[in-house]
Amino acid sequence: MAPSWAVVATVDEPATLVAAFAAHHLAIGAAEVHLFLDRPDPQASAALAGLAGCYVTVCDDAYWQASRRKTRPLIHTTRQSFNANVALGRTRADWLLHCDCDEFVRDGAAVAAELAKAPPQAVYLRLLMAERVRLAGETGDIFTGVFRHALPEFSSIGPIVYGLMADFFKEGLTGHKAGKALVRVGVGAEMSIHAPKGRPVHRVIQSTRLLHFDGLTRLHYMIKLLRRAHEPVTKASARHGKPRIAQFQALREAMADPALRAHFLNELTQLQPDQANQLHALCALDLTPFDRAAALSLLRGVDLSEAGFDAALRLRYADFLAEYAPDLA
């Protein structure tokens, strides 16, 4: 019998994205999807209610008081890891993938095939990232775009492709390149963000990727960076690498100049034709569109438009935008 796999995520995003995330993974073969709502969200709960195999936990005060932590951890990555381990103890699947709500497995059949080939001693397998980027002038919905891969020799190649903007990239990506782990259930592993604790020896899955939509829209990307720019400085602040810190500091400085802000965002989230050709020649650009059909097969009437998503964001972050980006509120 083929090994089964499940997905766990702690989510705090508009209901459209949460529902699409769950539906996509169930449709491509995940046996279970475990979603932990980082705060009560009636819209998300309602959108997920009809999805068989989707298990929803609302992380309200009662949840944290009943947990062994007793209080809600301040840092969201701590909450994510804690919830992933709760799911690890609950799931009936053979393997568990811990990822974020803006990360989508490209090919479920490929994942299942890799798990079937994993040796008995394998504790986890790693999925590499492919980061969504739009082609200049490209329009569509929240999932439109192509996917760039990390460039190990970015120190020499980066300035050729991105010029002075290269310092804002980590080996060719605006987000992380670490990938995410599929952990074997029942072997005593402890889930963390990118890999189980201790990072045991592992195999890298080469046949498919985890697609990272690092900002579903321009507004989503800006909110993501601005929230990082204005979060309190703690010991966990070091989790941001230099390129990411440079991104949110530069955006914060550019907020007073809409033209400069727009140019900065274009440089990070779009590819000009010559850049796309360069990355394609380096085998670092996947032109295959994201297949929405899997998610849409389980959802009815879902609005994947950018306008609809941005409207939900403006409601969700109304107070934050009013304080830090009033022209976007």
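This tour visits a strand, a helix and an arginine in a predicted model.

Begin by selecting strand S1, residues 5–11, where seven of the seven residues are buried, so the strand is largely enclosed by the rest of the structure. If you display the side chains, you will find that Trp5, Val7, Ala9 and Val11 point one way from S1, while Ala6, Val8 and Thr10 point the other way.

Keep S1 on screen and add the strands that pair with it. Strand S2, residues 32–37, pairs with S1 in the parallel sense over six bridges, and within this pairing Val8 stands opposite His34. Strand S4, residues 95–98, also pairs with S1 in the parallel sense, here over four bridges, with Leu97 of S4 as the bridge partner of Val7. Adding helix H1 then completes a right-handed β-α-β unit made by S1, H1 and S2.

Next, select helix H7, residues 218–229, whose end C-alpha atoms are 16 Å apart, which agrees with the 16 Å that its 12 residues should span at 1.5 Å a residue. The buried residues of H7 are Leu219, His220, Tyr221, Met222, Ile223, Leu225, Leu226 and Ala229, and what covers them includes helices H1 (15–27), H8 (242–254), H9 (258–269), H12 (306–316) and H13 (318–324).

Finally, centre the view on Arg126, which is found in strand S6, residues 124–135. Although Arg126 and Ala181 are 55 residues apart in sequence, their C-alpha atoms are 4.6 Å apart in space. Leaving aside neighbours within four places in sequence, Arg126 is in contact with Ala178, Lys180, His202, Arg203, Val204 and Ile205, and a polar atom of the Arg126 side chain lies 3.2 Å from the backbone oxygen of Ala178.

Technical notes: Residues are numbered from 1 along each chain as its sequence is written. This is a predicted model: local features need pLDDT of at least 70, side-chain atom pairs count only at pLDDT 80 or more; totals for chains, interfaces and linings use all residues. Side-chain values use heavy atoms; hydrogens and water are left out. Helices (H or I, at least four residues) and strands (E, at least two) are DSSP runs, numbered from the N terminus. Contact means heavy atoms within 4.5 Å. A polar contact is a pair of N or O atoms within 3.5 Å; within protein, one must be able to donate a hydrogen and the other to accept it, and residues adjacent in sequence count only if both atoms are side-chain atoms. The expected span of a helix is 1.5 Å times one less than its number of residues. Buried means under 20% relative accessible area, exposed over 50%, partly exposed in between (1.4 Å probe, protein chains only). Two strands pair if DSSP finds at least two bridges between them. A crossover is right-handed if, with the strands pointing away from the viewer, the path from the first strand over the helix to the second runs clockwise.
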